[in-house]
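Open the model in your viewer and keep the sequence panel beside it. We will go from one selection to the next, with a short note on what is there.

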Amino acid sequence: MTVLVTGCGTAADAPAERGAAGPPAEGFPVTVDNCGTRTTYEKPPSRVVTVHQHPAELMLALGLRDRMVGTSFPDSPVLPELREDYAAVPELAKKEPSFETVLNAEPDFVYGGYGSAFAEREGRSRQAFADAGIDTYLNREYCGKRQVSMEDTYDEIRTIGSIFGVRERADRLVAGLRKRVADTARAVRGAFPVPVFVYDSGEKSAFTAGGKSLGTEIVRLAGGRNVFAGLDDVFGDASWEQVVARRPEVIAVYDYAGAGGVARKKEFLLSHPALEDVPAIRNERFVVLPLTATLVGVRAPHAVEDLARGLHPERFR
């Protein structure tokens with residue numbers, strides 16, 4: 001059977017685009033449209049490099065450790081249940097690896113988390129990999145077309161499951177994550193939506209999650225309201241005057257490597273004279289979320305629960 005999996009996660013019968021050398025693997029060919037790049041897989045990829053942590057964790061959650069030949073750019077502690085497998089995969093670089101470093105791992109598939117995974121100015125364009133005979137896939141959050149929702153997380157998992165011939169695993173994983181979100185939503189049903197300011201980084205201005213980010217959806221499902229949901233981007237800058245005017249009651253601090261650390265971020269916010277009357281600052285209400293938990297991947301449902309416990313602790317006693 002041939003399956004067409006689009007960037008929006010829908011599936012339909014479609015003709016194969018290139019012939020196979022022999023009989024196709026069961027469930028193949030699979031044709032995927034991803035951020036404008038169309039690829040037909042005659043069999044599952046067998047040597048995978050992931051660029052950024054959240055694609056690696058998604059692969060591992062699908063039981064695909066044996067297909068992985070390299071990871072890169074770890075920026076949060078790995079989910080406890082995935083730590084052993086993650087540590088067993090060679091780390092190619094602390095940041096995005098060079099094109100040559102990726103080639104040296106001899107992959108047949110590169111899975112990028114942020115758009116920077118395939119930065120053309122650094123010689124890592126998707127076309128460069130295609131010219132080298134290597135297929136690529138970019139996390140759908142960075143296709144840049146519309147707001148990302150939790151459904152995109154589920155569709156991403158199913159798409160990767162289709163590419164690697166593990167659809168049943170993907171369906172089981174999605175079912176478990178859906179239940180986690182549903183249980184949290186049930187716990188906070190009817191609660192007042194708490195105004196939340198997402199603080200990623202920045203001192204001259206605030207770099208925050210905009211309306212197109214999965215972070216906004218996470219805040220909503222957790223029983224909150226992103227005060228910068230009107231920002232028409234995945235991330236963007238806001239002035240401190242805007243933060244003050246929107247009077248957030250909770251600040252969700254994104255935690256990741258190379259951003260100064262959570263303690264430094266809290267210290268800055270608490271000492272900023274313009275913020276002293278902001279309710280979240282006055283009451284020192286912070287919830288820390290790993291950045292990887294706010295992206296399209298397996299962690300977002302965990303982030304919904306963690307944030308909900310911070311916004312509505314009385315609902316979880």
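## First stop: Thr-208

Select Thr-208 and show its side chain, which reaches the backbone oxygen of Val-198 at 2.5 Å. Keep in mind along the way that this is a predicted model. Thr-208 sits in strand S11, which covers residues 206-209. How much of Thr-208 is accessible? The relative accessible area is 0%, so Thr-208 counts as buried. Now display its surroundings: apart from neighbours within four places in sequence, Thr-208 is in contact with Phe-197, Val-198, Phe-228, Leu-231, Val-234, Phe-235, Gly-236 and Ala-238.

## Next: Leu-291

Phe-235, one of the contacts of Thr-208, is also on the contact list of Leu-291, so to speak a handy stepping stone. Select Leu-291 in the loop between strand S15 (286-290) and H11. With a relative accessible area of 6%, Leu-291 is buried. Beyond residues up to four places away in sequence, Leu-291 touches Asp-75, Ser-76, Tyr-114, Asp-200, Phe-235, Tyr-254, Asp-255 and Tyr-256. For a distance to draw, pick the C-alpha atoms of Leu-291 and Val-110: they are separated by 21 Å, and the two residues are 181 apart along the chain.

## Helix H11 and its partners

Move on to helix H11 and color it together with helix H6; the two span residues 300-311 and 167-188, respectively. Their axes lie 8 Å apart and meet at an angle of about 20°. An angle under 35 degrees counts as roughly parallel, and H6 and H11 therefore fall in that class. The crossing is left-handed. To see the contact itself, show Leu-177, Arg-180, Val-181, Thr-184 and Val-188 on H6, then Pro-301, His-302, Val-304, Glu-305 and Ala-308 on H11.

Stay on His-302 for a moment, a residue of helix H11. Is His-302 buried or exposed? Its relative accessibility is 17%, and His-302 counts as buried. Outside its neighbours within four places in sequence, His-302 is in contact with Leu-79, Glu-81, Leu-177 and Arg-180.

Now swap H6 for helix H7, residues 214-221. H7 and H11 pack at an angle of about 45°, with 8 Å between their axes, and they are therefore oblique to each other. This crossing is right-handed. The residues to show are Leu-214, Ile-218, Val-219 and Leu-221 in H7, which meet Ala-300, Ala-303, Val-304 and Leu-307 in H11.

## Helix H5, end to end

Select residues 150-163, the 14 residues of helix H5. From its first C-alpha to its last, H5 reaches 20 Å, close to the 20 Å expected at 1.5 Å a residue. Why does H5 look enclosed? In H5, 12 of the 14 residues are buried, so the helix is largely enclosed by the rest of the structure. Among those buried residues are Met-150, Asp-152, Tyr-154, Glu-156 and Ile-163.

Zoom in on the start of H5, where a side-chain oxygen of Ser-149 comes to within 3.2 Å of the backbone nitrogen of Glu-151. After H5 comes Gly-165, with a positive phi near 70°.

## Val-69 and Thr-101

Go to Val-69 in strand S6, residues 68-72. Val-69 is buried at a relative accessible area of 16%. Its C-alpha is 5.8 Å from that of Val-49, a residue 20 places away in sequence. Val-49 is also among the contacts of Val-69, as are Arg-47, Val-48, Val-89, Pro-90, Leu-92 and Ala-105.

Thr-101 is in helix H3, residues 99-104. With a relative accessible area of 27%, Thr-101 is partly exposed. Measure from its C-alpha to that of Gly-70 and you should get 9.9 Å, for two residues 31 apart in sequence.

## Last stop: backbone angles

Most residues other than glycine have a negative phi, and most peptide bonds are trans. With that in mind, try these three selections:

- His-52, in the loop between strand S5 (48-51) and helix H1 (53-61): phi is positive, near 95°, and the residue is buried at 1% relative accessible area.
- Phe-73, in the loop between S6 and helix H2 (83-88): phi is positive at about 60°, and at 14% relative accessibility Phe-73 counts as buried.
- Phe-28 and Pro-29, joined by a cis peptide bond with omega of about 5°; Pro-29 lies in the loop between strand S2 (11-12) and strand S3 (30-34).

How values were computed:
Residues are numbered from 1 along each chain as its sequence is written. This is a predicted model: local features need pLDDT of at least 70, side-chain atom pairs count only at pLDDT 80 or more; totals for chains, interfaces and linings use all residues. Side-chain values use heavy atoms; hydrogens and water are left out. Helices (H or I, at least four residues) and strands (E, at least two) are DSSP runs, numbered from the N terminus. The expected span of a helix is 1.5 Å times one less than its number of residues. Buried means under 20% relative accessible area, exposed over 50%, partly exposed in between (1.4 Å probe, protein chains only). A polar contact is a pair of N or O atoms within 3.5 Å; within protein, one must be able to donate a hydrogen and the other to accept it, and residues adjacent in sequence count only if both atoms are side-chain atoms. Axes are lines fitted to C-alpha atoms, for helices over the stretch in contact, and angles run from 0 to 180 degrees between N-to-C directions. Angles under 35 degrees count as roughly parallel, over 145 as roughly antiparallel, 65 to 115 as roughly perpendicular and the rest as oblique. A crossing is left-handed if the near helix is turned anticlockwise from the far one by less than a right angle, and right-handed if clockwise. Contact means heavy atoms within 4.5 Å.
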